[in-house]
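The following exercises are to be worked with the sequence and the coordinates at hand. Each task is followed by a solution in steps.

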Amino acid sequence: MVNEKNMYENNAAPGFELRPVTKKDFTEVFETSLQRDFGHGGLRPLAPTLALYDKGVYSGFTAFEKGRKVGYAFFAGPPGESCLLLDYFAVEPDLQGHGYGSRMLAQAQSFTGTCLLIEAEHPAAAKTEAERKESLARLRFYRRAGAKNLHVHWLAYGMDYTVLHLPVKGRKAFTTGQGKAAMKNIYKHLTPSNTPYSPRFL
């Protein structure tokens, strides 16, 4: 699932590197960065995520510049899958707005060697105007990076999402139908159908 050779060869900027997060490392990242950035909603519990590592359907990296952590990304999907889910993605709060997110997203496909499916909070589900603007800004960010909004309304872990597809360079983006099929296939490896977290299309 992870192409570590490409991960290092495609780091274009001197001093910028991606470090794989192993299962052993994940608990620390979960208890610090993930709780901070996603603890308000949409965060999968720790134990089920560690189990995904055991199943070989989870991976991720932390990004560093000159030894300083600038962000992280995690990916989910079965081995050999041509497209993975960008499960969690964030830049350190004090470094946002400085281009690190764009650089990390560009590196993400070198890390996985696949296209990416992206869940972004649906603007229609925002509770405040500030949240709606933040959701729209996030969608603009992904579209600038080359992602296509599939206009799929998706509920997972109690969160309303719209789904985007970031194709491998030179390849066509998924249709809505292809995106739905890929999301269902990925999630059947992530979440048992009889749990309260069972995702569904809206």
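**Exercise 1.** Does Lys 66 count as buried or exposed, and at what relative accessibility?

*Solution.* The model is a predicted one. Begin with location: Lys 66 is found in the loop between S2 and S3. Next, take the accessibility: the relative value for Lys 66 is 75%. The cut-off for exposed is over 50%, so Lys 66 counts as exposed at 75%. Finally, inspect the backbone: phi of Lys 66 is near 50°, a positive value in a residue other than glycine.

**Exercise 2.** Carry out the corresponding analysis for His 151, giving its element, its phi and its exposure class.

*Solution.* His 151 is placed in strand S6, residues 148-156. Its phi is near 55°, again positive in a residue other than glycine. With a relative accessibility of 67%, His 151 counts as exposed.

**Exercise 3.** Describe how strand S3 pairs with S2 and with S4, and state how covered S3 is.

*Solution.* Step one concerns S2 (residues 58-65): eight bridges join S2 to S3, and the two strands run antiparallel. Within this pairing, Phe 61 has Ala 73 of S3 as its bridge partner. The hairpin of S2 and S3 has two residues between the strands, and Lys 66 takes its positive phi there.

Step two concerns S4: six bridges connect S3 with S4, also in antiparallel fashion. Here Gly 71 has Val 91 of S4 as its bridge partner. S3 and S4 form a hairpin with six residues between them, in whose turn Gly 77 has a positive phi of about 155°.

Step three is the burial count: S3 (residues 68-76) is mostly covered, with seven of its nine residues buried.

**Exercise 4.** How many disulfides does a search of the whole structure find, and which residues are joined?

*Solution.* The search yields one disulfide. It joins Cys 83 to Cys 115, with an S to S distance of 2.4 Å. The pair links distant parts of the chain, 32 residues apart: Cys 83 lies in strand S4 (residues 83-91) and Cys 115 in strand S5 (residues 115-121). For the burial of each partner, the cut-off is under 20% relative accessible area. Cys 83, at 1%, therefore counts as buried, and Cys 115, at 7%, likewise counts as buried.

**Exercise 5.** What span should helix H4 have at 1.5 Å a residue, and what is the distance between its end C-alpha atoms?

*Solution.* The 13 residues of H4 should span 18 Å. The end C-alpha atoms are 18 Å apart, which agrees with the expected value. As to covering, 10 of the 13 residues of H4 are buried, among them Tyr 100, Met 104, Leu 105 and Phe 111. Just after H4, Gly 113 takes a positive phi of about 75°.

**Exercise 6.** Characterise the largest pocket by volume, lining and composition.

*Solution.* The volume of the largest pocket is about 1,200 Å³. Its lining comprises 42 residues, of which Phe 38, Phe 89, Glu 121, Glu 134 and Arg 138 lie nearest the centre. The elements giving two or more residues to this lining are helix H2 (23-38), S4, helix H4 (100-112), S5, helix H5 (129-144) and strand S7 (159-166). H5 gives the most, with eight residues. By class, the lining divides into 19 nonpolar, 12 polar and 11 charged residues.

Key
Residues numbered from 1 in each chain as written. Predicted model: local features only at pLDDT ≥ 70, side-chain atom pairs only at ≥ 80, totals over all residues. Heavy atoms only, no water. Disulfide = S-S within 2.5 Å. Helix = DSSP H or I, 4+ residues; strand = E, 2+ residues; numbered from the N terminus. Buried < 20%, exposed > 50% of the residue type's maximum accessible area, 1.4 Å probe, protein only. Pairing = 2+ DSSP bridges. 1 Å grid on protein atoms, 1.4 Å probe; cavity = no way out; pocket = protein on both sides within 12 Å on 5 of 7 lines; lining within 4 Å. Points joined across faces, edges and corners; volume = space filled by probe spheres on them. Nonpolar A, V, L, I, M, F, W, Y, C, P; charged D, E, K, R; others polar. Expected span 1.5 Å × (residues − 1).
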